[in-house]
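Biologist: Hey, got a few minutes to walk me through this one? I'd like to start with the strands and then jump around a bit.

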Amino acid sequence: MLSSGKQLGDCLIKAEPFACILSNKFRGRICDSCFLRYEKLSRCSCCKFMRYCSRNCQENDWTDHRPECKALQRVAPKIPADSARLMARIIWKLQRGETTAEETHYASNIPFKSFNDLMTHCDEIRRDPLRSKQFGEMVHTLRVYVSVEDLPEPRALLHIFGRMVINSFTVTDIELNPIGVGIYLGPSEIDHSCQPNVVTTFLGQVLQQRITADICSNNYSDAYVSYVDLLATTSERRKQLKEQYYFDCDCAVCLDDAMDALKSSTKCGNAFCTNPIIKNESGFVPCKACGFSNFDQSYYRLLQMAEEITDATLITISGMENSSAPNPSDVLETCEECLRNQRPILHPLNVKYVRILDKAFDTCIDLQFWEPAVQYGLQTLDCYKKFYPKYDPNVGRQLMKLGKLQLYLQHLEDSLINLQQAEVILTVSVGCEAQLVKELRELIDQCAEQLRRIHSL
């Protein structure tokens with residue numbers, strides 16, 4: 001382990017952000033300072049843009065918001081993109097001579113870093129047409145938003161941009177939904193692996209990294225987090241890592257072709273067999289359970305159609321969700337149409353199938369369609385448990401959502417099993433003090449009490 005006494009679930013780092021912004025689409029629902037949800041928020045009286053849950057939160061944010069407030073007033077009613085607002089906050093902070101952030105390291109050999117210590121990858125950005133274009137657009141926006149006089153010279157600006165895009169963290173809420181983006185200095189030191197032993201979660205703006213598997217040395221360089229969604233296929237993960245962070249991943253998971261093939265698995269042509277069919281460079285592999293091998297042209301066409309419809313559906317749903325007035329009923333209808341095309345051919349472990357199930361699950365919850373939500377949620381669990389690490393918070397959160405629905409529907413035995421499994425995972429990955437775990441334990445107590453009363457009759 002990293003140091004004597006460190007155990008599963010122990011915290012490795014807690015860090016305040018060096019710079020952090022709430023995504024524009026959550027404006028008015030989440031406090032811009034503490035990043036917690038409130039029914040009623042007060043607007044900044046000057047810029048009319050930022051919203052706070054209390055005077056204390058507004059005062060805590062004032063040092064960072066003071067120059068931002070003037071800039072927002074200057075460009076109103078236009079609102080800069082999230083990335084431009086984050087970079088502007090970094091620039092203003094550096095102009096004040098601030099280069100560090102408050103952190104607590106629970107392993108003594110993790111170095112404290114300043115913003116200027118972060119990697120820039122400037123050479124790679126210059127050779128990257130997309131990133132170069134993004135940098136040019138960023139400079140154009142900042143010349144209006146920050147003002148030309150306050151902008152650093154171009155070389156320094158590129159270094160700031162590089163440090164931001166390479167080292168930014170997506171900030172999530174209590175339900176693990178993305179709500180913002182921030183720069184966290186010490187946590188940026190932890191490298192990536194698709195088989196991580198550390199997980200990153202958030203308590204408001206505060207980032208915490210907890211140990212979720214044994215770290216077999218006293219060196220923090222043997223601690224790893226995942227920079228990408230581990231449900232993704234190897235090609236998807238590698239593509240994202242190369243495009244976002246400029247490195248190739250050759251970890252054990254990326255080299256496990258058999259496990260990766262399961263993520264694209266199809267159903268056996270034998271209707272009485274539930275074994276997944278995998279495909280290699282030579283084609284489909286005969287079923288290991290029943291020996292089925294009649295993969296004719298109709299089988300290939302069915303798979304091709306299902307994959308094309310899935311890709312198109314995910315794009316359509318993304319557009320629906322990002323529209324000014326998304327309609328959950330339309331999203332659910334789109335999901336169900338896609339699932340009708342997927343079910344005849346895609347295996348329950350196929351991640352494309354599970355992504356649509358996930359969308360249907362969450363949309364049914366939004367629409368308060370509780371029974372269908374439970375059925376969709378149940379179908380995601382095998383895939384989640386197969387491909388996510390044992391103590392991944394995504395698995396814990398999925399189990400908790402499902403258990404909560406089952407409790408409401410009085411499926412008490414099933415509810416208690418899922419809630420207790422969620423508690424084991426989330427206690428390790430987010431910690432006992434997290435509000436999510438406190439709420440979970442209340443649900444477990446409520447479910448256990450209802451079962452006790454039924455059994456005592």
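**Strands, rings and sulfurs**

Modeller: Sure, and keep in mind that this is a predicted model. Let's begin with strand β1 (residues 11-15) and strand β10 (residues 206-211), which pair in the antiparallel sense over four bridges.

Biologist: Which residue stands opposite Cys 11 in β10?

Modeller: That's Arg 210.

Biologist: And what is the strand order in the open sheet?

Modeller: The order is β5-β1-β10-β9, so four strands in all, with antiparallel pairing.

Biologist: Which strands stand at the edges?

Modeller: β5 (103-105) and β9 (198-203) do. Each has a single partner strand, so one side of each is left without a neighbour in the sheet.

Biologist: How much are neighbouring strands turned against each other?

Modeller: By 15° on average, if you ignore direction.

Biologist: OK, new topic: rings. How many aromatic pairs does the structure hold?

Modeller: There are 15 aromatic pairs. One of them is Phe 284 with Phe 295, a tilted pair at 5.2 Å centre to centre and 35° between the planes.

Biologist: Where do those two sit in the chain?

Modeller: Phe 284 is in strand β15 (residues 283-284), while Phe 295 is in the loop between β15 and α8 (297-321). They're 11 residues apart, and the pair links distant parts of the chain.

Biologist: Is Phe 284 buried or exposed? And what about Phe 295, buried or exposed?

Modeller: Phe 284 counts as buried because its relative accessibility is 11%. Phe 295 is buried too, with a relative accessible area of 14%.

Biologist: What about Trp 370 and Tyr 408, what kind of pair do they form?

Modeller: Those two are edge-to-face, with 5.7 Å centre to centre and 65° between the planes. Trp 370 is in helix α11 (residues 370-387) and Tyr 408 in helix α12 (residues 393-408), so this pair also links distant parts of the chain, 38 residues apart. Trp 370 is partly exposed at 23% relative accessible area, and Tyr 408 is exposed at 59%.

Biologist: Back to Phe 284 for a second. Which residues do ring pairs link into a cluster with Phe 284?

Modeller: Phe 292, Phe 295, Tyr 299 and Tyr 300. Phe 284 also has a charge above it: the charged end of Lys 279 sits over its ring, 5.3 Å from the centre.

Biologist: Nice. Which residue lies over the face of Phe 18?

Modeller: Lys 93, at 5.1 Å from the ring centre.

Biologist: While we're on lysines, where is Lys 78?

Modeller: Lys 78 is in the loop between α1 (55-75) and α2 (82-95). Lys 78 counts as exposed because its relative accessibility is 65%. Its C-alpha atom is separated by 38 Å from that of Glu 337, and the two residues are 259 apart along the chain.

Biologist: Last topic, cysteines. How many disulfides are there?

Modeller: Zero, after a search of the whole structure. A disulfide is a covalent bond between the sulfur atoms of two cysteines.

Biologist: So why is there no bond for Cys 432?

Modeller: Because the closest cysteine sulfur, in Cys 11, is 12 Å from the sulfur of Cys 432, which is too far for a bond. Cys 432 itself is partly exposed, with a relative accessible area of 41%.

Biologist: And Cys 447, buried or exposed?

Modeller: Cys 447 counts as buried, since its relative accessibility is 0%.

Technical notes: Residues are numbered from 1 along each chain as its sequence is written. This is a predicted model: local features need pLDDT of at least 70, side-chain atom pairs count only at pLDDT 80 or more; totals for chains, interfaces and linings use all residues. Side-chain values use heavy atoms; hydrogens and water are left out. Buried means under 20% relative accessible area, exposed over 50%, partly exposed in between (1.4 Å probe, protein chains only). Rings of Phe, Tyr and Trp (its six-membered ring) pair if their centres lie within 6.5 Å; planes under 30 degrees apart count as stacked, over 60 as edge-to-face and the rest as tilted. A charge sits over a ring if NZ of Lys or CZ of Arg is within 6 Å of the ring centre and within 35 degrees of the ring normal. A disulfide is a pair of cysteine sulfur atoms within 2.5 Å. Two strands pair if DSSP finds at least two bridges between them. Axes are lines fitted to C-alpha atoms, for helices over the stretch in contact, and angles run from 0 to 180 degrees between N-to-C directions.
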